[in-house]
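Good morning, and thank you for joining this session. I would ask everyone to turn to the sequence and the structure on the screen.

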Amino acid sequence: MVGDEHSDPNLMQFLGARKRNMLGNHFWEYYVNDAPRIVLNKLESCGYRVVSMTGVGQTLVWCLHKE
C-alpha cells in the first residue's frame, strides 16, 4: 500500500499505483505490485527521503519526508 484516498493522484500515477477498496474497509487505498526498493527509488527521484522504518507484525512501514 502506498497511499490512501487523499493521496496526491499525480504521485500515485507516477508510482503506477491502482486505487482499490478492500472488503470490509470504509476507505480506499492505493496499491502497487512493485517491490519496496522500486517504490522507494521512485520516491527518492521525486525528492523524498526515508526518515525512519519499523515493522508492525509482518508489515513494514516507512516514514518519508520531501525535501
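I shall speak about the overall fold, then the strands, and finally the pocket.

Please bear in mind throughout that this is a predicted model. The protein chain contains two helices and five strands. Their order along the sequence is β-α-β-β-α-β-β. Taken along the principal axes, the box filled by the C-alpha atoms is roughly 35 × 30 × 20 Å. The chain has 67 residues, and 16% of them count as buried.

Let me turn to the strands. In general, the strands of a sheet are paired by backbone hydrogen bonds, in either a parallel or an antiparallel arrangement. In this model, three strands form an open sheet in the order β1-β3-β2, and their pairing is antiparallel. β1, residues 3–4, and β2, residues 18–20, are the edge strands; each has a single partner strand, so one side of each has no neighbour in the sheet. The antiparallel pairing of β1 with β3, residues 29–31, runs over two bridges. Within that pairing, G3 has Y30 of β3 as its bridge partner.

Two side chains deserve a remark here. The charged end of R20 is placed over the ring of Y31, at 3.9 Å from the ring's centre. As for contacts between aromatic rings, the count of aromatic pairs is zero.

We come next to the other pair of strands. β4, which spans residues 48–56, pairs with β5 in the antiparallel sense, over eight bridges. Two positions illustrate the register: M53 stands opposite W62 in β5, and S52 has C63 of β5 as its bridge partner. The two strands form a hairpin with two residues between them, and there G57 adopts a positive phi near 65°.

Now to the helices, with one residue as an example. P36 is found in helix α2. Is P36 buried, partly exposed or exposed? Its relative accessibility is 43%, and P36 therefore counts as partly exposed. From P36 to L11 the separation is 25 residues in sequence and 16 Å in space, taken from C-alpha to C-alpha.

I close with the largest pocket. Its volume is about 470 Å³. Which residues lie nearest the centre of this pocket? They are M1, V2, V39, L60 and W62, out of a lining of 18 residues. W62, then, appears twice in this account: it is the residue that M53 stands opposite in the hairpin, and it is one of those nearest the centre of the pocket.

Where does the lining come from? At least two residues each are supplied by α1, residues 9–15, by α2, residues 36–45, and by β5, residues 59–66. The largest share belongs to β5, which provides five residues. By chemical character, the lining divides into 16 nonpolar residues, one polar residue and one charged residue.

To summarise, the model has an antiparallel open sheet ordered β1-β3-β2 and a hairpin of β4 and β5. β5 also gives the lining of the largest pocket its largest share of residues. Thank you for your attention.

Key. Residues are numbered from 1 along each chain as its sequence is written. This is a predicted model: local features need pLDDT of at least 70, side-chain atom pairs count only at pLDDT 80 or more; totals for chains, interfaces and linings use all residues. Side-chain values use heavy atoms; hydrogens and water are left out. On a 1 Å grid over the protein atoms alone, a cavity is a set of points where a 1.4 Å probe fits but cannot get out, and a pocket is an open set with protein on both sides within 12 Å along at least five of seven lines; lining residues have an atom within 4 Å of a point. Grid points are joined across faces, edges and corners, and a volume is the space filled by probe spheres set on the points. Helices (H or I, at least four residues) and strands (E, at least two) are DSSP runs, numbered from the N terminus. Ala, Val, Leu, Ile, Met, Phe, Trp, Tyr, Cys and Pro count as nonpolar, Asp, Glu, Lys and Arg as charged, and the others, Gly among them, as polar. Two strands pair if DSSP finds at least two bridges between them. Buried means under 20% relative accessible area, exposed over 50%, partly exposed in between (1.4 Å probe, protein chains only). Rings of Phe, Tyr and Trp (its six-membered ring) pair if their centres lie within 6.5 Å; planes under 30 degrees apart count as stacked, over 60 as edge-to-face and the rest as tilted. A charge sits over a ring if NZ of Lys or CZ of Arg is within 6 Å of the ring centre and within 35 degrees of the ring normal.
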